[in-house]
Amino acid sequence: MFLNVNQHNENVTDLANAKVGESVSVSGMIHNVRVTKWGGFIVLRKSRGLLQAVVSNETSKFFDEAGNEIAMNDLCREMAITLTGTVNEAKIKDPAAFYNTIEIAVAEVRVLSRPTTAEVVDMNALKFGDEETLLRYKFDNRQVTLRNPRDMAILKVQSTIARAFGEFLSANGFTQIFTPKIVSEGAEGGANVFKMDYFGKQVYLAQSPQFYKQIGVGVYERVFEIAPAYRAEKHATSRHLNEYISLDVEMGFIKGQEDVMILEAALLRHIIAVVERDCAHELQLLNAVNPVLPEQVPAWKLSEVHEILFENNLCEADHRGEDDLAPEEERAICKYAFEKYGSDFVFVTHFPSEHRAFYAMDDPEDPSLTLSFDLLMRGLEITSGGQRMHKEADYREKMIRRGMNPDAFHFYLDTFKNGMPPHGGFAIGLERITACFLGIANVKECSMFPRDINRVAP
Ligand code: AMO
């Protein structure tokens with residue numbers, strides 16, 4: 001047998017160009033059915049949201065999988081159907097309706113398949129919110145509650161962010177790479193690494209593609225990766241997942257970490273523009289305001305952030321002299337930056353060397369600090385990044401100073417032994433940036449199947 005590839009039909013189900021008065025055939029899942037005296041409504045769920053179809057007792061006909069005529073009453077939620085009818089103009093108020101200027105006058109409905117339970121999860125009864133029980137119910141039944149238009153919208157925006165990330169970088173000379181997630185050493189240090197048995201040997205799940213993306217710079221100069229990262233965080237918080245998607249970037253031949261920060265700002269401006277262009281429906285449904293990234297983005301040293309907050313009396317505690325940002329500071333400095341400079345983003349730089357991963361380059365002007373940064377968005381850290389060391393001797397010296405065994409990292413060090421350009425990069429947590437875009441309080445809602453300390457299924 002041969003398949004004729006010319007038969008490929010683009011966008012068969014896209015109704016965007018459907019004209020009023022036209023006859024169309026459209027397939028989807030029944031989101032809701034409402035029977036009235038004169039007929040009723042079938043709400044069809046499509047990939048972007050809902051489509052309303054109007055049934056008339058006089059003219060609409062219904063058929064089951066075998067082609068036998070049935071009554072409208074025999075239809076139920078989550079049946080897969082193909083519906084044929086005429087496009088009519090309409091004004092649909094339901095914000096979940098993606099098609100809000102048209103409806104279909106049903107001529108015929110054909111059932112393709114049906115659920116086998118009488119107790120299909122009622123997507124319409126799910127209210128959005130972050131009460132614990134509701135979230136637990138949603139995550140326990142995620143395989144079906146994902147069909148809720150609001151959850152669909154969150155993950156649609158997430159998908160758009162990831163697409164825009166890849167598009168921008170590909171257009172700017174970056175090569176997409178795919179690196180192993182089963183690794184012999186954790187890249188970020190600390191205790192939050194998952195151990196795993198690998199044919200009798202202890203290995204780890206990658207906390208980040210850090211080593212491999214740096215290696216990639218020696219090959220392609222500029223690389224990016226979109227892949228899961230694993231962190232054995234034992235605490236349940238609204239901003240930590242045990243598996244998250246890391247949007248990683250690494251670039252060679254930089255003059256300083258500012259090159260990396262400028263690239264990230266330009267990348268984010270592109271992402272914001274694409275989300276605004278392609279996700280207007282989702283932003284409206286979720287009541288989300290697209291973030292603002294002005295031409296002049298605040299970029300303050302950690303010590304300056306502590307000072308600004310203290311001088312303006314913006315935090316409960318005095319954090320001056322501390323070697324990291326407290327969560328109340330992250331929120332307060334973002335509020336300050338938005339009110340004073342109209343920016344939803346703040347770069348914080350020059351974190352103390354002791355508190356950054358070993359690969360960070362120390363600041364030649366003050367080696368107790370690093371040329372590294374975090375990017376805060378609307379009160380939450382969405383990125384860490386910075387300039388890396390690029391000389392083998394510097395790595396060995398810092399590793400020994402930290403009590404690490406350089407031999408365990410021989411393949412990584414071998415990269416620098418064989419020559420590396422000055423380079424730097426960053427990683428954005430996809431669930432976190434999605435949550436910040438949409439004003440969602442818990443990052444788990446921005447994961448298709450969240451993994452946390454109590455959850456590995458579904
Ligand atoms: P870092 O460990 O700061 O840096 O992680 C980078 C970004 O990843 C996201 N993130 C998480 N999101 C959800 N749950 C978690 N448990 C979690 N941990 C991290 C955050 C964070 O800002 N290799 C460096 C990056 C680099 O320097 O290029 C790294 O992994 O948004």
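This briefing describes the surroundings of the ligand and a few unusual points of backbone geometry. The model is predicted, and every value below is computed from it. The ligand sits in the largest pocket, where 22 residues surround it. Away from that description, the backbone holds a cis peptide bond between alanine 457 and proline 458, as well as positive phi values at asparagine 287 and at arginine 378.

**The shell around the ligand**

- Among the 22 residues around the ligand, those that come nearest are Glu188, Lys213, Glu381, Ser384 and Arg388.
- Sorted by class, the shell around the ligand is made up of eight charged, eight polar and six nonpolar residues.
- Three elements each supply at least two residues of this shell, namely helix H4 (210–220), strand E19 (380–387) and strand E20 (423–429).
- Strand E19 provides the largest share of the shell, with five residues.

**Polar contacts and coverage**

- Lysine 213, which is also one of the residues that come nearest to the ligand, places a polar side-chain atom 2.7 Å from an oxygen atom of the ligand.
- Glutamine 210 has a polar side-chain atom that lies 2.8 Å from a nitrogen atom of the ligand.
- At threonine 383 the contact involves the backbone, with a polar backbone atom 3.2 Å from an oxygen atom of the ligand.
- On its own the ligand has 620 Å² of accessible area, and the protein covers 93% of that area.

**Backbone geometry**

- Most peptide bonds are trans, and most residues other than glycine have a negative phi.
- The peptide bond that runs from alanine 457 to proline 458 is cis, with omega near -5°, and proline 458 belongs to the segment after helix H11 (430–438).
- Asparagine 287, a residue other than glycine, has a positive phi near 55°, and its place is in the loop between helix H6 (280–285) and strand E14 (299–301).
- Asparagine 287 counts as exposed because its relative accessibility is 68%, where the cut-off for exposed is over 50%.
- Arginine 378 is likewise not a glycine, and its phi is positive at about 50°; this residue lies in the loop between strand E18 (372–377) and E19, the strand that gives the largest share of the shell around the ligand.
- Arginine 378 has 31% relative accessibility and therefore counts as partly exposed, the class that lies between buried, under 20%, and exposed, over 50%.

Key. Residues are numbered from 1 along each chain as its sequence is written. This is a predicted model: local features need pLDDT of at least 70, side-chain atom pairs count only at pLDDT 80 or more; totals for chains, interfaces and linings use all residues. Side-chain values use heavy atoms; hydrogens and water are left out. A residue is near a molecule or strand if one of its heavy atoms lies within 4 Å of it. A polar contact is a pair of N or O atoms within 3.5 Å; within protein, one must be able to donate a hydrogen and the other to accept it, and residues adjacent in sequence count only if both atoms are side-chain atoms. Accessible areas come from the Shrake-Rupley method with a 1.4 Å probe; for residues, only the protein chains shown count as cover. On a 1 Å grid over the protein atoms alone, a cavity is a set of points where a 1.4 Å probe fits but cannot get out, and a pocket is an open set with protein on both sides within 12 Å along at least five of seven lines; lining residues have an atom within 4 Å of a point. A molecule sits in a cavity or pocket if more than half of its atoms lie within 2 Å of its grid points. Helices (H or I, at least four residues) and strands (E, at least two) are DSSP runs, numbered from the N terminus. Ala, Val, Leu, Ile, Met, Phe, Trp, Tyr, Cys and Pro count as nonpolar, Asp, Glu, Lys and Arg as charged, and the others, Gly among them, as polar. Buried means under 20% relative accessible area, exposed over 50%, partly exposed in between (1.4 Å probe, protein chains only).
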